[in-house]
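Welcome! Please take a moment to look over the sequence and the model, and then let us walk through a few places together.

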Amino acid sequence: MTAETLRCRLVARMAGPVVASLLGLGVAAGPLAAAAETWDMPTPYPDTNLHTIVVKQFADDVKAATGGKIQITVHSNGSLVRHPEIKRAVQSGQAQVGEVLISSWANEDPLYGLDSVPFLATDFQASRRLYDVSKPYLEKKLERQRLKLLYSIPWPPQGLYVKDEIQTVEGLKGQKFRAYNPATTRIAELSGAIPVKIEAAEVAQAFGTGIVTAMMTSAATGVDTKAWDFVKVYYDVQAWLPRNMVFINADVWKGLDAATQKAVQDAAAKAEAAGWADWEKKTSDLNKTMAGNGMKVLPPSDKLKEGLSAIGKTMTEEWTKAAGADGEAIVAAYRK
């Protein structure tokens, strides 16, 4: 049995008896080649999170731009593949497209941890500049891993959540500190806290059971998890803006014709622009939401800010050294 015959039989089995009869009569199977492709897209966050909202709009735009040729099924909140396995799932072809927090893979390569170096880029404009100068390096890295970058958007600036007010970094000593990437693990180490690996979907339970007592993350995660139910103080320290990236399996990408590639890229560019603009608009509202639900939303004391800045300086030096010549080139270009 030839591969083409097997393909036709499989298509016939899935498409139904009418198509099967046509194939059996020798009718050309050309139109079947244009049948819609369905891509699975695992993502880590709930449907209410802006990242997921942008992803779903991206999927709708791809479907519209390709005339239904490409249909993306979004599996949000880790429902298909858990966050730590998403990148590998897309690399191996188990899923066609995926979204991850870039810095989760910083142990694999320092480049993935750039956007989470504390106090290097602390607002949306600085974060965008850092992304722009580092994007070519990120694209090349992903290409070597059988992935193609489609778009990347940030989270709001990261703040510090604690159960009780603290005035200095020493107030974190001995606390169980939620770590979701190597950067937050290193912050815990440098501040004397105890890092505990916890994904966003597990935050509320972890605080409720005492597994963690402090964390550094965005106001978006605070609202998603209803942080006011388990922690009462949020310091708006604006430490960094981590980014997510959406990528596609390189073989899937190469299998698309030029027109379809352009349609997907155009939808990705639209998603990226919307994500950056929408998060910036939404950030102040997130802080207000937490305050409105009883949380103390506070600026850090001078001493706390000073201590965190010292940690940021140490981590910038460590990152640049670990990233080598590429790291030095990126930081130099960013600081021009």
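The paragraphs below visit two pockets, one residue and one helix.

Before we set off, please keep in mind that this is a predicted model. Let us begin with the largest pocket, which holds about 440 Å³ of space. Its lining is made up of 26 residues, and those closest to the centre are Pro 44, Tyr 45, Glu 199, Ala 200 and Ala 201. Which elements each supply at least two residues of this lining? They are the helix α4 (83-92), the strand β8 (214-218) and the helix α8 (219-224). Sorted by class, the lining of the largest pocket has eleven polar, ten nonpolar and five charged residues.

Now move on to the second largest pocket, with a volume of about 270 Å³. Here 13 residues form the lining, and Ala 106, Pro 182, Ala 183, Met 315 and Trp 319 are the closest to the centre. Two helices, α6 (182-191) and α11 (302-334), each supply at least two lining residues. Of the elements around this second largest pocket, α11 gives the most, with four residues. The classes in this lining are eight nonpolar, three polar and two charged residues.

Next, find Ile 53, which sits in helix α3 (residues 50-65). Is Ile 53 buried or exposed? Its relative accessible area is 41%, and because this falls between the 20% limit for buried and the 50% limit for exposed, Ile 53 counts as partly exposed. If we set aside neighbours within four places in sequence, Ile 53 is in contact with Asp 47 and Thr 48. You can also look from Ile 53 across to Gly 275: the two are 222 residues apart along the chain, while their C-alpha atoms are separated by 9.2 Å.

Our last stop is helix α5 (residues 124-144). With 21 residues at 1.5 Å a residue, α5 should span 30 Å, and the end C-alpha atoms are 29 Å apart, so the expected and modelled values agree. Where does α5 bend? The bend, of about 50°, is at Ser 134, and a proline, Pro 136, follows within four residues. Ser 134 is also one of the buried residues of α5, a list including Phe 124, Leu 130, Tyr 131, Val 133 and Leu 138. What do the buried residues of α5 pack against? Their partners are the strands β4 (147-154) and β10 (243-249) together with the helices α10 (258-292) and α11. That brings us back to α11, the helix that gives four residues to the lining of the second largest pocket.

How values were computed. Residues numbered from 1 in each chain as written. Predicted model: local features only at pLDDT ≥ 70, side-chain atom pairs only at ≥ 80, totals over all residues. Heavy atoms only, no water. 1 Å grid on protein atoms, 1.4 Å probe; cavity = no way out; pocket = protein on both sides within 12 Å on 5 of 7 lines; lining within 4 Å. Points joined across faces, edges and corners; volume = space filled by probe spheres on them. Nonpolar A, V, L, I, M, F, W, Y, C, P; charged D, E, K, R; others polar. Buried < 20%, exposed > 50% of the residue type's maximum accessible area, 1.4 Å probe, protein only. Contact = heavy atoms within 4.5 Å. Expected span 1.5 Å × (residues − 1). Bend = angle between axes of the 7 residues up to and from the residue.
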